[in-house]
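Q: I am new to this structure and would like a close look at its salt bridges. Please also set them beside the nonpolar cores.

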Amino acid sequence: RPLEGLTTSFFDPGRPRKLRELHEVMGRSLTMVFDPEARLDGLERREEVFGESLKEWFKNRSDKLTHRGITMVSDEGTNGVSHAFTIPAGPDGEFLIEEMVQEFERDETKKPTEDVAKRVCQLLPAHKQKIIEFTHYGKNRIIQESKEYVKADFPTNALNVASAGGAAAGGGAAGAGSGKGGDGSKGGELFESAHAEYLAVLQAERQCYQQV
């Protein structure tokens with residue numbers, strides 16, 4: 001459709017990257033359709049609106065990922081503040097990633113409340129970065145459980161949990177070492193568990209960014 005600037009191309013099987021269709025609106029957007037059965041990553045469709053968003057859909061992945069999307073903004077107005085999550089913008093420099101979203105199909109080997117259905121990484125403004133995980137609905141449940149990890153607050157919260165445990169144990173090293181079932185050991189276990197969980201979420205965020 002020349003008046004819209006749209007060019008559509010179709011390809012036979014065997015094309016590099018297993019590309020089957022290409023739809024391009026000049027200077028505006030690019031949509032690619034692949035053969036997911038012939039790709040190791042299961043990518044089925046990729047839609048990019050230049051400088052605004054990037055969306056991808058997948059099939060039959062071992063990690064159950066079905067959708068990944070990002071929204072982005074230009075770096076104007078950041079006053080030179082560095083940002084860890086960026087995407088190349090050609091000769092214009094780079095765009096800042098505002099949000100990353102992942103969606104997953106059900107993994108029947110896990111409990112619904114332990115099986116992530118959606119992960120949202122909110123990256124702007126930088127001082128308010130957080131990650132929200134929504135789990136799949138349990139059987140006969142109408143409420144979806146979620147966990148929120150605020151990067152600026154989480155280390156403090158984790159330390160507060162440990163401190164509360166130590167204080168409840170009677171204060172000092174004696175209270176903390178008062179036995180296997182003491183509050184001090186529970187506080188330490190809570191801290192270690194929360195820390196490990198937080199690190200796992202950060203790792204998932206990093207992997208999502210590296211795969212964009």
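A: In this predicted model, E47 and R45 form a salt bridge whose closest N and O atoms lie 2.6 Å apart. Partly exposed is the class for a relative accessible area between 20% and 50%. E47 has a relative accessibility of 26%, so E47 counts as partly exposed. R45 has 32%, so R45 is also placed in the partly exposed class.

A second salt bridge joins the side chains of D63 and R61, with 2.9 Å from N to O. Here the two partners fall on either side of the cut-off for burial, which is under 20% relative accessible area. D63 is partly exposed because its relative accessibility is 36%. R61 counts as buried because its relative accessibility is 16%.

The side chains of D115 and R106 also meet in a salt bridge, at 2.7 Å from N to O. In this pair the acidic residue is the buried one: D115 has a relative accessible area of 4%, which means that D115 is buried. R106, with a relative accessible area of 24%, is therefore partly exposed.

Salt bridges also occur as a network, which links R46, E56 and R68. Across the whole structure, a search finds 12 salt bridges.

The nonpolar cores come next. The largest of them has 17 residues. Within this core, the residues with the most contacts are I70, M72, F85, I97, M100 and L123. Three elements each supply at least two of the core's residues: the strands β6 (65-74) and β8 (94-104), and the helix α3 (183-211). Of the elements, α3 gives the most to this core, namely 4 residues.

L123 can be followed further. Setting aside neighbours within four places in sequence, L123 is in contact with H83, F85, I97, E98, M100, Q129, K151 and E205. Among these contacts, F85, I97 and M100 are also listed with L123 as residues with the most contacts inside the largest core.

Apart from the largest core lies another, of 11 residues. Its members include M32, L43, L65 and V116.

To return to the pairs, the salt bridge of E47 and R45 has its closest N and O atoms 2.6 Å apart, the one between D115 and R106 is at 2.7 Å, and the one between D63 and R61 is at 2.9 Å.

How values were computed. Residues numbered from 1 in each chain as written. Predicted model: local features only at pLDDT ≥ 70, side-chain atom pairs only at ≥ 80, totals over all residues. Heavy atoms only, no water. Core = buried A, V, L, I, M, F, W, Y, C linked by side-chain atoms within 4.5 Å. Buried < 20%, exposed > 50% of the residue type's maximum accessible area, 1.4 Å probe, protein only. Contact = heavy atoms within 4.5 Å. Salt bridge = Lys/Arg side-chain N within 4 Å of Asp/Glu carboxyl O.
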